[in-house]
Amino acid sequence: MAGNTNKSDKPVASTEATAVLPGKTVVGWQGVRFSLPPEWNVTGFSLDRDNGYVRVDSPGTATMSVQVRWSNAAKPEQGPPTPYYMFAPYFRKLLKRPAPPVPKTDLRQTLDRILKDAAKEAKKSGRAPFECQTRPEKAEGLNDERIAMGFTWTGAGRGQGKIWRCSTCNRVVMAQVVGLQKDHNQIGAVASQLFATFQDHSVDGNDLWALYDLQAEVPTEFHLAAHRVMSGHLHLAFARGAERILIDRWGLANVALKRFKLQEWFERNAQCATAKMTHSNAEVNGHKAIVATGVLPLAARLTAMKECKGSMRPFPTRYTGGAWHCEEQNKLFSVQVLHNAKTEGLWDQVAGKCHCH
Ligand SMILES: [Zn+2]
Ligand SMILES: [Zn+2]
């Protein structure tokens, strides 16, 4: 991070801020990214990109947590989609008319309501009295794209946070560090790290997906379609129409590799039969990766056809998949892409940004 040029409230718009560094926990989810002190753990997240949350707890006895919520101000919750909302963007495009301005969220009003609710709850529960302070609105961000308002509160515990609206991505984000009374100083320190590194939208066309010890970057147009989070196996699947990016990370590589060679192990776990494809090697993070490239088999195409639900996006016809063993972390990684012939270089792009050690 560009420490001396970075005023405490300015977000860092460089991917350097999220490079793997041993001294911090990097979190990336649905286009939001930030870093925290080492060993913090993601304990909750949502699958919805427009209205989402992520929660990260401090290590050990875990008396502190970071809670982040966001919503897309350009897509207010409308219930079931009405014909107007479905067709209006299409006609605007046809007539080359700009989208209507996004209604401004009144941050002060929103924050006041949230804090008032918290005070009411505190009173009902009869616990410590709830007190809060808010700061005036302030422009922040590299290009003043955020209007932000800071707040602190004490009650049954204490918290320090911020609510802001970003004019670039139209997200309204509320993030806070919560802990016990005794955590006072630490809450302040964690909050400065959180807000100095917070990005609410991608700056280079890639979303960072970082949780536990996985850190991968995926083009923003691919959305999270499925995930499996188990001790020992992390699986994230991303979709753009019927095209797919699949990222897997397994622990205890030494145990798996006692029974199988990397090649055999990969063939057993690959999305489709790869034995007859073209095999080559690539270098990923200094490791030798085995790579299989070929035409997407018929069975996989049929599955893709079923899953694409009438999408007009290019249909996947090709497959590239590869795996490597990270000795340093004792983990096995695999990246697979099911892509259209016109989508070139996707595997290199994703595998090249899938960090391991
Ligand atoms: Zn933004
Ligand atoms: Zn590695």
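## Exercises on strands, a helix and the overall fold

In this predicted model, strand β15 (residues 243-250) and strand β19 (residues 331-339) are paired in the antiparallel sense over seven bridges.

**Exercise 1.** Determine which residue in β19 stands opposite Arg244, and in what order the strands of the open sheet are arranged.

*Solution.* Begin with the pair β15 and β19, which is antiparallel. Opposite Arg244 stands Leu338 in β19. Next, place this pair in its sheet: seven strands form an open sheet, in the order β13-β14-β15-β19-β18-β17-β16, with antiparallel pairing. Finally, consider the edges. β13 (223-230) and β16 (278-284) each have a single partner strand, so one side of each is left without a neighbour in the sheet. On average, neighbouring strands of this sheet are turned by 15 degrees against each other, direction ignored.

**Exercise 2.** Compare the span of helix α2 (residues 107-125) with the expected span, at 1.5 Å a residue, and state what phi Gly126 takes just after α2.

*Solution.* Helix α2 has 19 residues. From its first C-alpha to its last, α2 reaches 27 Å, close to the expected 27 Å. Just after α2 comes Gly126, with a positive phi of about 70 degrees.

**Exercise 3.** Describe the protein as a whole: how many helices and strands are there, and what percentage of the residues is buried?

*Solution.* First, the elements: the protein contains seven helices and 19 strands. Second, burial: of the 357 residues, 33% are buried. Third, contacts: among those between residues at least 6 apart in sequence, 52% join residues at least 24 apart.

Technical notes
Residues are numbered from 1 along each chain as its sequence is written. Chains are lettered from A and ligands numbered from 1 in the order in which they are written. This is a predicted model: local features need pLDDT of at least 70, side-chain atom pairs count only at pLDDT 80 or more; totals for chains, interfaces and linings use all residues. Two strands pair if DSSP finds at least two bridges between them. Helices (H or I, at least four residues) and strands (E, at least two) are DSSP runs, numbered from the N terminus. Axes are lines fitted to C-alpha atoms, for helices over the stretch in contact, and angles run from 0 to 180 degrees between N-to-C directions. The expected span of a helix is 1.5 Å times one less than its number of residues. A residue is buried if 20 or more other C-beta atoms lie within 10 Å of its own, exposed if 12 or fewer, and partly exposed in between; C-beta atoms are placed from the backbone. Two residues are in contact if their C-beta atoms, placed from the backbone, lie within 7 Å.
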